[in-house]
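Trainee: I have a new structure to learn from, and I would like to ask how its labels are earned. Could we go through it together?

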Amino acid sequence: MSSRRRKIVVLISGSGTNLQALIDAQNTPALPNTQITLVLSNRKAAYGLTRAAEAVPPIPTAYLALQPYLKQNPGKTRQDYDAEVAKIVLREKPDLVVLAGWMHILSDGFLQLLDGRKQVEGNEELSLTDPIPVINLHPALPGEFDGANATERAFELFQKGEITRSGAMVHRVVKDVDRGEPLIVREIPFVSGESIGEYEKRLHDVEHEIIVQATAKVLDEVKS
């Protein structure tokens with residue numbers, strides 16, 4: 001494994017409990033020689049930004065939301081916004097980007113700049129020699145409950161007696177939502193009589209484990 005410090009950028013939209021799991025794991029045996037260099041949110045009030053600022057040492061943060069960006073830049077599109085997010089990420093020169101509760105579907109405007117299919121025009125400093133992997137945490141099993149509200153949809157089917165388990169996974173990010181290659185998959189059985197809140201507590205405990213495990217797995221694949 002490389003002795004060089006591996007750099008991570010984390011994208012969030014909410015409270016940041018999965019971000020906290022990564023913060024707690026950096027520079028421990030779970031994520032050795034690893035530093036989160038930026039936390040980017042598309043929601044100004046995301047508590048994850050506070051978690052980053054209160055980390056020891058503090059982690060730099062950034063904020064860029066879609067609708068304000070479009071209002072401030074007439075004629076720009078969602079693809080342009082995604083490209084702007086990519087430029088913020090690329091300035092950090094990270095080894096890995098982790099989507100940890102990032103509630104915005106990233107288009108090719110983002111992905112093409114991160115995998116090197118497209119270069120940032122007029123800015124050679126942001127050009128890539130190697131693709132930057134992007135991974136996402138999703139609270140469902142591969143091929144089940146893609147997209148938003150996955151936990152609620154799964155729990156509803158459990159209550160109807162149609163399924164007995166759901167789960168969580170970390171997968172590579174591709175253009176198709178939640179359809180990238182699964183890296184870590186954990187099945188979680190439902191328990192008769194439990195509330196959705198009780199299930200979510202067990203789900204979150206699993207998420208905090210697998211987001212660190214998948215991060216370590218991908219970083220160990222990155223060239224030194």
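**How the labels are earned**

Mentor: Gladly! Strand 2 and strand 3 pair in the parallel sense, over 3 bridges. Keep in mind that this is a predicted model.

Trainee: What makes strand 2 and strand 3 a pair?

Mentor: The cut-off is at least two bridges between the strands. Strand 2 and strand 3 have 3 bridges, so they count as a pair. Within this part of the sheet, Val 39 stands opposite Thr 61 in strand 3.

Trainee: Which strand does strand 1 pair with over 7 bridges?

Mentor: That is strand 2, again in the parallel sense. Here the bridge partner of Lys 7 is Gln 35 in strand 2. Strand 1 also pairs with strand 4 (residues 96-99), in the parallel sense over 4 bridges. In strand 4, Leu 96 is the bridge partner of Ile 8.

Trainee: Why are strand 3 and strand 7 called edge strands?

Mentor: Look at the whole sheet. It is open, has 7 strands in the order 3-2-1-4-5-6-7, and its pairing is mixed. Strand 3 and strand 7 (182-189) each pair on one side only, and that makes them the edge strands. From one strand to the next, the twist averages 20 degrees.

Trainee: How do you know that strand 2 is largely enclosed by the rest of the structure?

Mentor: Count its buried residues: 7 of the 8 residues of strand 2 are buried, so the strand is largely enclosed. Strand 2 also takes part in two β-α-β units. Strand 1, helix 1 and strand 2 make a right-handed one, and strand 2, helix 2 and strand 3 make a right-handed one as well.

Trainee: What puts the buried residues on the same side of helix 2?

Mentor: In helix 2 (residues 47-54), the buried residues are Gly 48, Leu 49, Arg 51 and Ala 52. Around the axis they cover an arc of only 155 degrees, so they share one side of helix 2. A general rule helps here: an α-helix has 3.6 residues a turn, so residues three or four places apart point the same way. The buried residues of helix 2 pack against strand 1 (6-12), helix 1 (17-25), strand 2 (34-41) and strand 3 (61-63).

Trainee: Why is Glu 194 called buried?

Mentor: Buried means under 20% relative accessible area. Glu 194 has 12%, so it is buried. You will find Glu 194 in the loop between strand 7 and helix 7 (196-221). Not counting residues up to four places away in sequence, Glu 194 touches Phe 155, Tyr 199 and Arg 202.

Trainee: What makes the pair of Glu 194 and Arg 202 a polar contact?

Mentor: The N or O atoms must lie within 3.5 Å, and the side chains of Glu 194 and Arg 202 make their polar contact at 2.6 Å.

Trainee: Is Asn 33 buried, partly exposed or exposed, and how do you know?

Mentor: Its relative accessible area is 25%. Partly exposed lies between 20% and 50%, so Asn 33 is partly exposed. Asn 33 sits in the loop between helix 1 and strand 2, with a phi near 55 degrees, a positive value in a residue other than glycine.

Trainee: And why does Phe 145 count as buried?

Mentor: Phe 145 has 15% relative accessibility, so it counts as buried by the cut-off of under 20%. Phe 145 lies in the loop between strand 5 (134-138) and helix 6 (150-159).

How values were computed: Residues are numbered from 1 along each chain as its sequence is written. This is a predicted model: local features need pLDDT of at least 70, side-chain atom pairs count only at pLDDT 80 or more; totals for chains, interfaces and linings use all residues. Side-chain values use heavy atoms; hydrogens and water are left out. Buried means under 20% relative accessible area, exposed over 50%, partly exposed in between (1.4 Å probe, protein chains only). The arc is that of the directions from the helix axis to the C-beta atoms. Contact means heavy atoms within 4.5 Å. Axes are lines fitted to C-alpha atoms, for helices over the stretch in contact, and angles run from 0 to 180 degrees between N-to-C directions. A polar contact is a pair of N or O atoms within 3.5 Å; within protein, one must be able to donate a hydrogen and the other to accept it, and residues adjacent in sequence count only if both atoms are side-chain atoms. A crossover is right-handed if, with the strands pointing away from the viewer, the path from the first strand over the helix to the second runs clockwise.
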